[in-house]
Amino acid sequence: MTDTGGAQRWSEGGSFLLLRAGVVVSLLFLLLGFVSILWTPYPATSLDVVSAMQDPSGAHWLGTDQLGRDVLSLMMKGILTSFVVAAVAAAIGALIGVPLGLGAALLGPYTDLAVSGIGAYLTALPAFVVAVLLAILFGPSAATLMVAIGIANIGPFALSTRHAVVTTSGHDYVAAARLAGATGLELARRHMVPLIGQLIVAQAVAQLAFAIIAEAALSFVGLGVQPPAASLGVLLHDAQAFSLAKPLLVVIPGLVILLIVVALNLTSAQLRWTVAADLAPGADRGAA
Amino acid sequence: MLRFTLRQLAVLLATVLITGWLIHAVLSAAAGAHPIPLSFVSWLGHILFGDFGPSATTGRSVGGLIAARLGVTIPLALISMLMAGLIGVGIGALAALRPDGFGDRALIALASIVAAAPSFWLGMVLVLAFAGGLHWLPPGGFVPWQQGVGGALLSLLLPALALALPVGCGLAVIVRDALVAARQSAYVLAARASGMTEVEAFRRDGLPAAGLSVLKPAVPQAVAIVLGTVIVENVFYLPGLGRLILDAVTARDLTLVGGALVVLVLLASGTTFLLQVGFAWADPRRRQRAAA
């Protein structure tokens with residue numbers, strides 16, 4: 001989504017502090033999601049109407065919702081669902097988009113033209129439209145949502161992979177390696193694959209952030225994960241009717257989305273920035 | 001310029017044709033009880049001339065239903081774009097006043113965080129703050145234009161702000177970088193060397209260049225606003241295009257879904273087309289190249 005260009009300025013010392021912060025926060029939330037497979041403070045589906053709509057307390061750290069479910073337990077389940085949807089969507093995008101991008105960069109001008117056209121089209125095709133069409137065909141579900149967001153991910157993966165290969169192979173240091181006698185596979189493996197790989201990983205992290213938001217938005221309007229399954233979008237959907245009575249039900253899932261997305265954006269921006277810094281030694285940040 | 005416009009027009013047509021075909025194919029496959037009777041060519045032909053056919057559930061004209069909803073969605077998107085522009089230029093310019101100063105870093109960090117927030121969630125939070133806590137603004141619903149422009153605008157204010165905040169903050173980072181880059185550029189330095197003051201040089205040579213470099217990344221941001229309306233409308237119970245599509249999906253009203261989706265795609269790619277051409281025209285270098 002939006003490039004957090006502002007963040008990269010602070011890593012000039014090269015300590016990768018922000019990169020580490022982004023990775024650590026993302027992984028913490030991921031861990032919280034994984035823990036929910038084995039354990040949640042309360043069973044996430046157990047209804048307890050007597051203790052509905054409670055404020056945070058020692059027994060329920062984040063309170064309970066309108067059905068008396070423990071909000072912390074729901075959040076943990078929801079984070080897992082959102083991450084799984086986002087990860088599958090990113091995988092769909094990468095599995096189709098990266099080969100397309102490689103083909104565009106390596107297979108000559110006609111392939112390039114075709115792939116660039118397809119990539120630009122898919123980037124412009126709204127995930128909302130695809131999600132509506134899939135919901136009409138199969139009924140809305142987590143699966144249709146993964147495919148809809150996955151299709152939206154193909155274009156960015158294809159275009160960024162193509163861009164990464166073209167800029168890297170055109171760079172002076174590749175020419176220098178060639179002059180030094182490196183050829184073919186050796187040249188690609190030692191000098192190009194690491195940087196291109198890092199750029200693709202950066203793109204994947206950015207698409208993960210995009211997918212977390214897209215999952216929330218589309219599940220919120222009923223085009224994705226369906227209750228009683230919990231996801232960050234479903235939790236916000238459920239909270240809307242009670243938002244004025246219980247603002248926390250709205251605020252908490254949104255803050256979690258915000259934290260995850262900021263952490264992922266930070267990670268992605270830093271990964272991209274270190275590559276740019278590698279490619280342009282001595283250049284100021286304006287070139288990044 | 002003309003060639004550029006024609007090429008953009010071709011992109012617009014291709015996008016609408018391909019997506020229209022996709023929509024028609026899917027709906028035809030899904031049509032059981034209410035098959036879409038027309039082939040793709042005549043379906044799209046009818047739609048382009050405003051004839052969407054009758055709604056499968058209500059029997060009313062789909063074109064009329066969509067037109068009524070556009071009266072909400074299009075003003076919402078326009079107001080929101082205006083707000084996003086103001087937020088972006090305001091925060092961006094403020095941050096660029098002292099590059100790498102404390103204010104710059106704080107503003108850009110804040111902007112980067114807000115830019116990551118889902119607009120519909122910001123909408124819910126705005127409702128909590130302004131309608132729940134402060135009782136300043138209506139929490140949702142829409143006062144029709146016929147009952148007074150003021151009431152209608154007021155009910156669009158919060159949703160427009162919710163859409164504009166993340167986009168405007170994303171824009172602010174771009175604006176800030178463009179202003180700083182222009183300020184440190186070789187051409188502003190050259191202008192200063194010719195005897196201008198820093199402010200004169202920046203105003204004459206830096207500002208136009210910075211402005212032009214911001215326009216291109218602003219295009220996808222504007223499209224994000226157009227597409228964001230369909231989600232944000234649901235937070236504020238606004239009777240816009242998004243609500244229409246979602247209700248039609250629930251009712252499995254396929255003619256309505258098809259027509260409304262095509263209009264949404266037209267809105268999104270039409271926004272891209274208009275801004276691309278308008279922004280290209282705003283660049284005197286490209287205008288002159290076309291004249292020569």
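Me: Which residues touch the most other members of the largest nonpolar core?

Reply: A:Ala131, A:Val132, B:Ile245, B:Val257 and B:Ala260 do, in a core of 180 residues. A nonpolar core is a set of buried Ala, Val, Leu, Ile, Met, Phe, Trp, Tyr and Cys residues joined through C-beta atoms within 7 Å. "Buried" asks for 20 or more other C-beta atoms within 10 Å of a residue's own, "exposed" for 12 or fewer, and "partly exposed" is in between, with C-beta atoms placed from the backbone. Keep in mind that this is a predicted model, where local features need pLDDT of at least 70 and side-chain atom pairs count only at pLDDT 80 or more, while totals for chains, interfaces and linings use all residues. As for labels, residues are numbered from 1 along each chain as its sequence is written, and chains are lettered from A, ligands numbered from 1, in the order in which they are written.

Me: What is B:Val257 in contact with, leaving aside its neighbours within four places in sequence?

Reply: From its own chain there are B:Leu27, B:Ile245, B:Ala248 and B:Val249, and from the other chain A:Val132 and A:Ile136. A contact means that the C-beta atoms, placed from the backbone, lie within 7 Å.

Me: How many residues does each chain bring to the interface, then?

Reply: On chain A it's 36 residues, in contact with 42 of chain B. Five helices of chain A, α3 (109–124), α4 (127–138), α7 (184–220), α8 (232–240) and α9 (247–279), each supply at least two residues of that side. The most comes from α9(A), with nine residues. Helices are DSSP runs of H or I with at least four residues, strands are runs of E with at least two, and both are numbered from the N terminus.

Me: What makes up that side of chain A by class?

Reply: It has 26 nonpolar, ten polar and no charged residues. Here Ala, Val, Leu, Ile, Met, Phe, Trp, Tyr, Cys and Pro go down as nonpolar, Asp, Glu, Lys and Arg as charged, and the others, Gly among them, as polar.

Me: How many helices and strands does each chain have?

Reply: Chain A has nine helices and zero strands; chain B has eleven helices and, again, zero strands. Of the 288 residues of chain A, 51% count as buried, while for the 292 residues of chain B the figure is 44%.

Me: How do you know whether the span of α2(A) agrees with its number of residues?

Reply: The expected span is 1.5 Å times one less than the number of residues. For the 36 residues of α2(A) that comes to 52 Å, and the end C-alpha atoms are 51 Å apart, so the two agree. There is still a kink of about 25° centred on A:Ala94, where the bend is the angle between axes fitted to the seven residues ending at a residue and the seven starting there.

Me: Why is α5(A) called largely enclosed?

Reply: Because 21 of its 28 residues are buried. α5(A) also has a kink of about 25°, at A:Asn153, shortly before A:Pro156.

Me: Is A:Trp39 buried or exposed, and what makes it so?

Reply: Exposed, because A:Trp39 has just 8 C-beta neighbours inside 10 Å. You'll find A:Trp39 in the loop between α1 (17–38) and α2 (71–106) of chain A.

Me: Why is B:Tyr237 called partly exposed?

Reply: Its 16 C-beta neighbours inside 10 Å put it between the two cut-offs, so partly exposed is the label. B:Tyr237 has a positive phi of about 50° without being a glycine, and its place is the loop between α8 (198–235) and α9 (241–251) of chain B.

Me: Where is B:Arg252 found?

Reply: In the loop between α9 and α10 (254–282) of chain B. B:Arg252 isn't a glycine either, yet its phi is positive, about 50°.

Me: What joins A:Pro227 and A:Pro228?

Reply: A cis peptide bond, with omega about 10°. A:Pro228 sits in the loop between α7 and α8 of chain A.

Me: Where in chain A does pLDDT stay under 50?

Reply: Over residues 1–13 and over residues 283–288. pLDDT is the predictor's confidence in each residue, from 0 to 100. The chain A mean is 85, with 92% of residues reaching 70 or more.

Definitions and conventions
Two residues are in contact if their C-beta atoms, placed from the backbone, lie within 7 Å.
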